[in-house]
Amino acid sequence: MDAKKNVLFLYPDPPGFSGQRRVCELMIECLADHPDIRITAITLPGRPRTGGGLGAMWRFVWQTTKSMLRLFRHAVFGSPSGLFVALCQTRSTLARENAIIRFVRAFNRNIPIAYRLDGSNFTRWRGDEPVAHAFRTVLSYGRFIAVLGPKQESIVRERFLGGALRPVIVPNTCEFDAITEDELAGKHNDTDPICILHLSSLMEPKGFVEVAGAAAGSSNEFTICGAITASDEDTRFDSVADATEWLAGQENQHDNLTWVRGAFGDEKKALFDAASIFVFPSRYKVEAQPLVLLEAMARGCTLITTEIGEIPFMVDNNCAVLLEATDADAVSSAIASLADDPERRLDLAREARHRFLTVFSTQANKAKWHELFRDTYA
């Protein structure tokens, strides 16, 4: 007989690429061999963001219905020992999560519940808005909430803490192993030209416009990877179509600029391995802990980034160039400085790799999740 405790694991599954979905998948992989816990994963579909028409909406309704039926079957007949929820941070999703938690607790009022936060939308809430009240209500059921770094932990403690809930810092990890010391040294030999990479969801505040601007007049090779995505902080472009047309025009205009519309798995790993410098000049107000920075750290890239969100918890001046300004001139100047100094590139990349191995590796992530799940559910 299986003596493991069964924990229902709910996480979002929006259309397209989702960083939150990916980190939850990595977390489930880390917990797959837990000696005391068995995970039953249930996805919560997200509404189509743009386009798709009636067909996309019907798919959303159908997928949601299947997820709710599966949740009903496991909650009623599966006798779960715990519930874990990766929280989205909108009023509608919090209402959904609240309803789900109430439903599960109707069959087991004392069931242990815990959460994780990946995005940083909640950091913009003062604490007295309706959405903040909904957030606080959901958190009140929990034993712990996993946050990504000290900024998130501080905000949860100051604005939303209640009941028995305790915030716990559990940094992200990524799907890539770290390169070896020898590979790292070979990567940063004095080569000309060197390869510059920007990989992200391509939205204005994450800096793809500035990276494209830095490519103009440079002798180095630039790759921008990702799909154009709209954000509520956009100021330059009126639509995704406008931004797409602009970036395609930049690619046509500059021979040293390549736009890859998206990359996953080995293709994405190859982009990091080919790049000497990874540029992420984000000014995104709700930046959290970007997976792309962890991937770049693991694969030996020298980082140029900013101090927004939880990025200062990830890297400091010993393992990255931290920009104060994020305009194209500042980005271009930082790239040129590193391009001309392979020894500094290597030193920064070596420190970033060490930081990844000690704090953000799969092994460190796995050990933390195993401990938390054992103490909470087993």
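Helices here are DSSP runs of H or I spanning at least four residues, numbered from the N terminus. With that convention in hand, the interior of this predicted model can be toured from its cavities to its cores.

Helix 1 gives the most to the lining of the largest cavity, contributing 3 residues. This cavity holds about 40 Å³ of space, and the elements supplying two or more of its lining residues are helix 1 (19–31) and helix 14 (362–377). Its walls are formed by V23, L26, M27, R116, V170, P171, N172, T173, N365 and W369, a set that divides into 6 nonpolar, 3 polar and 1 charged.

In total, 2 cavities of 30 Å³ or more were found. The second largest encloses about 30 Å³ and is lined by L44, P45, T64, S67, M68 and R96. Here helix 2 gives the most, with 3 residues, while strand 2 (37–45) and helix 2 (53–77) each provide at least two. The lining comprises 3 nonpolar, 2 polar and 1 charged residue.

Turning to the packed interior, the largest nonpolar core has 32 residues, and L199, F272, F278, L294, M297, L303 and V315 have the most contacts inside it. Two or more core residues come from each of strand 7 (195–199), helix 9 (265–274), strand 10 (277–280), helix 10 (291–298), helix 11 (311–314) and helix 13 (342–360). Helix 10 provides the largest share of this core, 7 residues. Apart from this core lies another, of 31 residues, including I111, L117, V147 and V156.

Leaving aside residues up to four places away in sequence, L294 touches N172, T173, C174, M314, F356 and F360. Of these contacts, N172 and T173 also belong to the lining of the largest cavity.

Note on methods. Residues numbered from 1 in each chain as written. Predicted model: local features only at pLDDT ≥ 70, side-chain atom pairs only at ≥ 80, totals over all residues. Heavy atoms only, no water. Core = buried A, V, L, I, M, F, W, Y, C linked by side-chain atoms within 4.5 Å. Buried < 20%, exposed > 50% of the residue type's maximum accessible area, 1.4 Å probe, protein only. Contact = heavy atoms within 4.5 Å. 1 Å grid on protein atoms, 1.4 Å probe; cavity = no way out; pocket = protein on both sides within 12 Å on 5 of 7 lines; lining within 4 Å. Points joined across faces, edges and corners; volume = space filled by probe spheres on them. Nonpolar A, V, L, I, M, F, W, Y, C, P; charged D, E, K, R; others polar.
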